[in-house]
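Here is a relaxed walk through a structure you may not have met before. Have a look at it, and then we'll go through some of its details together.

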Amino acid sequence: MSGDMAIIKPEVMKSFVWLQTADGSIQQVEEEVAMFCPMICREVLQSGMGSSKNYAIPLPSRVNPAILSLILDYCRFHQIPGRSNKERKSFDEKFIRIDTKRLCELTSAADSLQLKPLVDLTSRALARMIEGKTPEEIRETFHLPDDLTEEEKLEPLRNTADDPRIRLLNRLYARKRKELKEKEKLKNVEVEEEPVDERSVDDLLSFINGGNGDSKSVRPPKSKKKNRRKKDQLKDHCSNNGNNNHEELDALSSKSHGDLNGNVFVASPSRTSKLRDVADDTYSPKLEFDDDIDDELDPAMKEELDREVEDFARRLNSDWPQRMQEILSLGQERRSVPVAINGNGSLRRYSRMIGPKINLRYSYCETSPVARTDLTRSLQTITVDDTRKA
Amino acid sequence: METGSDRAPDIISNLPLNVIEGILMCLPLRDAVRTSILSRKWRYRWTTIPQLVFDDTCVPVTSSSLAVTKTKFVSFVDRALLLHRGPIQKFKLSISYLQSCPDIDQWILFLSWRNVKEISLELEEKEWYKVPSCLFSCQYLTHLELFRCEVHPPPTFKGFSNLKSLSFQQSYFENGVVESILSSCPILESFTLTYFDTLSMNICAPNLKYLRLEGEFKDICLENTPLLETICIALYMTEEIADHLEATTTCNLIKALGNVPALERLVAESYFVKYLSVKSVPSKLALKYEHLKKLELYQVGFEDVNEISVAICLLVCSPNLEELLFSASSDNEACIGPDMDYWDKQHPIDCSFKRLQIVNMTDMSGVPDEMEFTKFLLAKSPVLKTMSIKSSTYLTVEGAWDMLIELLGFPRASPQARIIYIQDNTMT
């Protein structure tokens with residue numbers, strides 16, 4: 001009997017760790033699995049605990065037996081080396097498909113065992129339950145008490161920053177809204193009238209151009225300087241197109257124009273659409289971080305309002321496509337510039353190869369319009385290359 | 001008001017603070033800030049998260065004009081910073097519609113007082129943002145990442161003594177500024193510089209482990225980089241650089257790679273191999289890359305014997321190399337035929353790539369020197385497992401047949417070597 005023990009014992013000693021949960025129950029766990037938790041690993045190595053039932057490692061109170069068995073499943077899978085990332089990911093995905101309450105308990109327990117990968121995994125899962133949801137939905141999911149008064153909810157969040165521009169624009173919106181409501185009423189009583197107020201856009205204009213000593217304005221000379229640099233990038237071929245938009249704008253208003261120095265509305269279309277995708281404004285407007293006074297506004301009316309503001313923006317920006325045109329035509333001009341070829345023919349070697357090798361650059365340019373000048377350059381070289389081959 | 005008695009108990013609010021912070025950091029900042037109206041316990045939970053990432057998602061795009069969106073964004077950042085408590089580990093600004101404005105300068109000043117450790121700035125794409133001088137007084141910075149910035153350190157700049165990772169992308173500097181910044185970051189481990197115009201770079205960074213350069217460089221000299229493990233360089237060609245290479249009299253290979261004994265991975269893209277091939281490639285370097293396991297050479301021009309020599313020289317100096325990836329960029333017109341003089345006499349005959357198991361070649365057009373190189377690899381790699389060859393899109397069907405027939409005849413030093421031929425599907 002004792003002989004048997006002598007044979008088995010080292011095995012047992014070596015490969016199992018004894019763990020005790022807060023409810024007093026004790027269990028033995030394969031060493032390599034248990035040691036995957038840094039907290040247990042430290043206990044074993046530093047204090048020599050866990051080697052027998054009498055020296056079971058007491059686990060933090062946040063780890064109950066049910067959660068412990070979940071955690072050990074996680075460790076058992078991930079402690080095996082050589083699994084592919086794909087395998088691990090798919091395991092993780094399945095692993096977190098548990099009810100929200102258990103997910104929270106698991107997060108807490110994993111944190112107490114310092115099992116960071118699991119904490120990250122469950123935290124991400126919990127974050128997904130919050131992201132883009134309304135406060136009501138979140139409260140529902142996690143059984144949060146709705147214990148703030150409406151007043152308190154607004155208090156720290158509403159737009160206290162006293163921005164005259166927003167105030168003015170809101171006033172304009174409000175007026176417009178009133179007008180539209182009137183219009184709607186009139187329509188309802190079948191009276192046709194023409195209440196369109198042409199001034200509204202001008203109002204917008206004058207408010208934006210109003211130059212109310214705005215500290216946020218971009219220093220125009222600086223922008224010009226930068227435009228000049230971009231111009232340099234174009235190797236001086238784009239003469240003075242950089243400042244065109246400023247001039248155009250200046251023509252639009254003789255006063256200073258706040259922070260709207262021409263580039264304001266020139267968002268690249270792709271970015272704008274991306275932004276739209278992201279915008280899921282599910283919180284009720286009055287709880288917005290930025291209070292927009294969109295209260296009880298008929299969507300149709302709102303749409304009309306927005307169209308008007310956008311139209312105005314377009315007017316301000318009418319020079320942008322023009323500018324693009326200029327850049328493109330510059331590219332064409334440069335096509336006729338031959339790539340220098342010197343006598344000994346070796347430069348020819350380099351320049352001829354500019355063509356096939358630009359693919360890397362092309363993709364780079366796609367993501368970074370500062371390098372767009374290089375796209376133009378590359379396009380030229382492609383053309384040069386092609387003509388030569390032909 | 002509703003009390004907890006008739007509801008199931010709150011299941012998340014009592015998680016430890018660090019866990020809740022972790023959850024909040026997984027959220028876009030806007031969602032994190034919005035948790036403040038959930039309940040009393042959540043009221044100011046977000047205000048201690050150590051990482052603040054301000055991006056396009058912070059302000060929803062309604063149909064209001066961009067000017068309003070911008071103003072909202074600025075005010076969002078202002079208020080988030082005002083309400084934030086505790087240390088700010090990381091501040092990231094990645095916003096597609098905001099340009100240089102005094103607000104940003106003020107945010108950075110604020111951060112410099114809060115001992116920020118990581119800053120990343122990426123503004124609208126059409127302008128350079130001139131970073132304020134206060135950025136250079138952020139002594140606690142460990143990570144700095146700037147996109148499209150104008151970087152002028154003030155004369156009082158003493159260096160970033162804690163900086164480990166530095167990345168300048170498409171940024172603008174005056175001459176010597178990059179080197180002076182590098183030399184004043186004593187523990188720098190990672191350095192990225194992309195899209196840089198015509199410049200000579202001397203890099204002295206005794207703790208550097210990772211280096212990535214991309215742009216139009218005239219000279220790249222790694223002077224003091226004893227710990228450098230990873231090098232990724234993509235070099236672009238301009239007429240000016242071509243002229244410069246013509247006039248070069250020193251060996252670029254030795255200057256760039258002659259002093260990196262700890263190299264584990266080399267990625268050469270675009271014209272970097274061409275650059276290395278300038279002026280008399282030695283058949284061997286003075287050092288061996290004992291740790292180099294993976295070598296990636298892209299767009300190697302096989303019409304130029306010197307470029308082939310660079311590839312072979314690197315192979316010969318890497319006794320433990322296991323994987324070779326490369327793509328050819330051969331100019332068919334310039335390839336008259338294999339330079340048999342080179343293949344018969346000059347290239348090292350007695351070498352053997354004892355650990356090389358995987359060779360992956362793409363954009364092969366079957367020009368004679370490519371074939372000679374392939375033959376050479378097959379003959380010198382006794383433990384080769386697979387060699388995959390992907391043809392160039394320009395290769396005709398007849399060309400591919402010729403290439404395959406020739407390939408079949410090459411002797412292989414490794415009995416287990418498999419050759420996998422992949423035809424580019426775009427060309428039929």
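Is A:R76 buried, partly exposed or exposed? A:R76 counts as partly exposed, because its relative accessibility is 32% and the middle class covers what lies between under 20% and over 50%. One thing to keep in mind as you read on: this is a predicted model.

**Chain A and its salt bridges**

Let's stay with chain A for a moment. It has 390 residues, and 41% of them count as buried. You'll find 19 helices in this chain, along with three strands. Its accessible surface comes to about 21,600 Å², and carbon and sulfur atoms hold 53% of that. If you take the contacts in chain A with a separation of 6 or more, 63% of them are between residues 24 or more positions apart.

Now for the company that A:R76 keeps. Its side chain meets that of A:E30 in a salt bridge, at 2.9 Å from N to O. The pair links distant parts of the chain, with A:E30 in strand β2 (residues 26–30) of chain A and A:R76 in helix α4 (residues 65–78) of chain A, 46 residues apart. A:E30 is partly exposed too, with a relative accessible area of 24%.

Over all chains, the count of salt bridges comes to 15. Two more of them are in chain B, and the table sets them beside the one you've just met.

| Salt bridge | N to O distance |
|---|---|
| A:E30 and A:R76 | 2.9 Å |
| B:K126 and B:E124 | 3.6 Å |
| B:E307 and B:K274 | 3.0 Å |

The pair B:E307 and B:K274 links distant parts of the chain: B:E307 is in helix α9 of chain B and B:K274 is in helix α8 of chain B, 33 residues apart. Both of these residues, B:E307 and B:K274, are buried. Back in chain A, salt bridges with shared partners join A:E30, A:D73 and A:R76 into one network. As for the remaining pair in the table, B:K126 and B:E124 are both buried.

**Two helices side by side**

Helix α9 deserves another look. How do helix α9 (residues 305–316) of chain B and helix α11 (residues 368–380) of chain B pack? Their axes are 12 Å apart and the angle is about 10°. That makes α9(B) roughly parallel to α11(B), since angles under 35 degrees count that way. On the α9(B) side, the meeting residues are B:I308, B:A311, B:I312 and B:L315, and on the α11(B) side they are B:D369, B:F373, B:F376 and B:L377.

**Places where the chain comes back to itself**

B:V131 is found in the loop between β4 (129–130) and β5 (143–147) of chain B. This residue is buried, with a relative accessible area of 1%. B:E150 is 19 residues apart from B:V131 along the chain, yet their C-alpha atoms are separated by 6.2 Å. Not counting residues up to four places away in sequence, B:V131 touches B:L121, B:F136, B:L146, B:C149, B:E150 and B:V151.

You can see something along those lines at B:K293, in the loop between α8 (272–276) and β13 (294–300) of chain B. B:K293 counts as partly exposed, at 40% relative accessibility. From C-alpha to C-alpha, B:K293 and B:E322 are 5.1 Å apart, with their positions 29 residues apart in sequence. Leaving aside neighbours within four places, the contacts of B:K293 are B:E264, B:N320, B:L321, B:E322 and B:E323.

**Backbone angles and a surface patch**

Most residues other than glycine have a negative phi. With that in mind, which phi value does B:Q170 have? The phi of B:Q170 is near 50°, a positive value. You'll find B:Q170 in the loop between β7 (165–169) and β8 (172–173) of chain B, and at 5% relative accessibility this residue counts as buried. B:S270 also has a positive phi, near 55°. B:S270 is part of strand β12 (residues 265–270) of chain B, and it counts as buried at 1% relative accessibility.

To finish, let's go out to the surface. B:V397, B:W401 and B:I405 form a nonpolar patch there, with about 330 Å² of accessible area together. B:W401 is in helix α12 (residues 397–408) of chain B. B:W401 counts as exposed because its relative accessible area is 52%, and the cut-off for that class is over 50%.

Notes
Residues are numbered from 1 along each chain as its sequence is written. Chains are lettered from A and ligands numbered from 1 in the order in which they are written. This is a predicted model: local features need pLDDT of at least 70, side-chain atom pairs count only at pLDDT 80 or more; totals for chains, interfaces and linings use all residues. Side-chain values use heavy atoms; hydrogens and water are left out. Patches are made of residues with over 30% relative accessible area and no salt bridge: like charges are joined within 9 Å, nonpolar side chains (Val, Leu, Ile, Met, Phe, Trp, Tyr) within 5 Å. Accessible areas come from the Shrake-Rupley method with a 1.4 Å probe; for residues, only the protein chains shown count as cover. A salt bridge is a side-chain nitrogen of Lys or Arg within 4 Å of a carboxyl oxygen of Asp or Glu. Helices (H or I, at least four residues) and strands (E, at least two) are DSSP runs, numbered from the N terminus. Buried means under 20% relative accessible area, exposed over 50%, partly exposed in between (1.4 Å probe, protein chains only). Axes are lines fitted to C-alpha atoms, for helices over the stretch in contact, and angles run from 0 to 180 degrees between N-to-C directions. Angles under 35 degrees count as roughly parallel, over 145 as roughly antiparallel, 65 to 115 as roughly perpendicular and the rest as oblique. Contact means heavy atoms within 4.5 Å.
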